[in-house]
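Got the viewer open? Here is a short tour, one selection at a time.

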Amino acid sequence: MGRTGLMMNWVRTIIYQIVFYTGSVFIVLGVALVAPFGQRVLIHHAHRWARLQRWAAKHILGITTRIEGHLPEGQYLFVSKHQAMYETTELQLILGGPAMVLKKELARIPMWGWATRLYGSMAVDREASAKALRQLMSEGAALREQGRSVVVYPEGTRVPPGETPPLRSGFAGLYKAVGLPVVPIAVDSGRFLPKKGPKRPGVVTFRIGEVIPAGLPRREAEQRVWEAINALELEGRVGQAAG
């Protein structure tokens, strides 16, 4: 990439950050106004934030979304690779507003944490204590009864493209708690939205894998999910190299 192209990417990145984060402040503050009208209204309001992200990514950064594979209908535990913030909002739109699994630290952020609880989220304790596991089981059962799907990023944090860390220990408890079949998802957002440096134009691809059944033994479930999300990512990188 030439100096001019790099400079343009920096300019787009800065404009994007100004637009997105300024808009985010107003949307989060608006939660207090819509919350009294119930969860459905709140979810609709929250999706304005996701649409803001989609609009800003497309029209400022030049980033769009492509989906490969079959997205099944019904109630599932969607398990995704995590490379950038992009997928955390984009999947809410693609999957129709599933409940979220968050790090406990995020749920403590003033106003935002309260909003995510109203939207429908499960705060996972990294220490995986007995008390935390009991709470996870209770919340998971409640979401299952509500008929809501759940989305989780089992690696626990953003992972650069090509890296394959083990799943966090809390995934097994979540899998048991919700009792839902798993849909593995890989994403290549890190190619265009690195954690550091300027963003660049491109098409972010979400690759949907085959359904993994509920009720498997812990080690088998963890192994199959780990293999599935990483195989999907590798498949994408091989396809990019061939193209």
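One term to set up before the first click: buried means under 20% relative accessible area, exposed means over 50%, and partly exposed is whatever falls in between (1.4 Å probe, protein chains only). This is a predicted model, so local features need pLDDT of at least 70 and side-chain atom pairs count only at pLDDT 80 or more, while totals for chains, interfaces and linings use all residues. Residues are numbered from 1 along each chain as its sequence is written, and side-chain values use heavy atoms, with hydrogens and water left out.

**The whole chain**

Start with a cartoon view. You should find nine helices and seven strands; these are DSSP runs, numbered from the N terminus (helices are H or I with at least four residues, strands are E with at least two). The C-alpha atoms fill a box of roughly 55 × 50 × 35 Å along the principal axes. A compact globule of 243 residues would have a radius of gyration near 18 Å, and the chain agrees with its 18 Å. That radius is taken over C-alpha atoms, and the globule rule is 2.2 Å times the number of residues to the power 0.38. Of the 243 residues, 46% are buried.

**Salt bridges**

Next, charged side chains. A salt bridge here is a side-chain nitrogen of Lys or Arg within 4 Å of a carboxyl oxygen of Asp or Glu, and the structure holds eight of them.

Select Glu90 and Arg54, whose side chains form a salt bridge at 2.9 Å, N to O. Glu90 sits in helix H4 (residues 86-94) and Arg54 in helix H3 (residues 39-61), so the pair links parts of the chain 36 residues apart. How buried or exposed is each partner? Glu90 counts as buried at 2% relative accessibility, whereas Arg54 is partly exposed at 34%.

Now move to Lys81. Its side chain meets that of Glu155 in a salt bridge of 2.6 Å, N to O. Lys81 lies in the loop between strand E2 (77-80) and H4, and Glu155 in the loop between strand E5 (150-152) and helix H8 (170-178), so this pair ties together parts 74 residues apart in sequence. Lys81 is buried at 1% relative accessibility, and Glu155 is buried too, at 3%.

Keep Lys81 selected and add Glu233: their side chains meet in another salt bridge, 3.4 Å from N to O. Glu233 is in helix H9 (residues 218-242), 152 residues from Lys81, and Glu233 is also buried.

For a multi-residue case, pick Arg66, Glu68 and Arg207, which are linked in a network of salt bridges.

**Aromatic rings**

Switch to the rings. Rings of Phe, Tyr and Trp (its six-membered ring) pair if their centres lie within 6.5 Å; planes under 30 degrees apart count as stacked, over 60 as edge-to-face, and the rest as tilted. The whole structure has five aromatic pairs. Show Phe20 and Trp49: the ring centres are 5.9 Å apart and the planes are at 20°, so the pair is stacked. Phe20 belongs to helix H1 and Trp49 to helix H3, 29 residues apart. Phe20 is buried, at 0% relative accessibility. Add Tyr16 and Tyr21, and you have a cluster of Tyr16, Phe20, Tyr21 and Trp49 linked by ring pairs.
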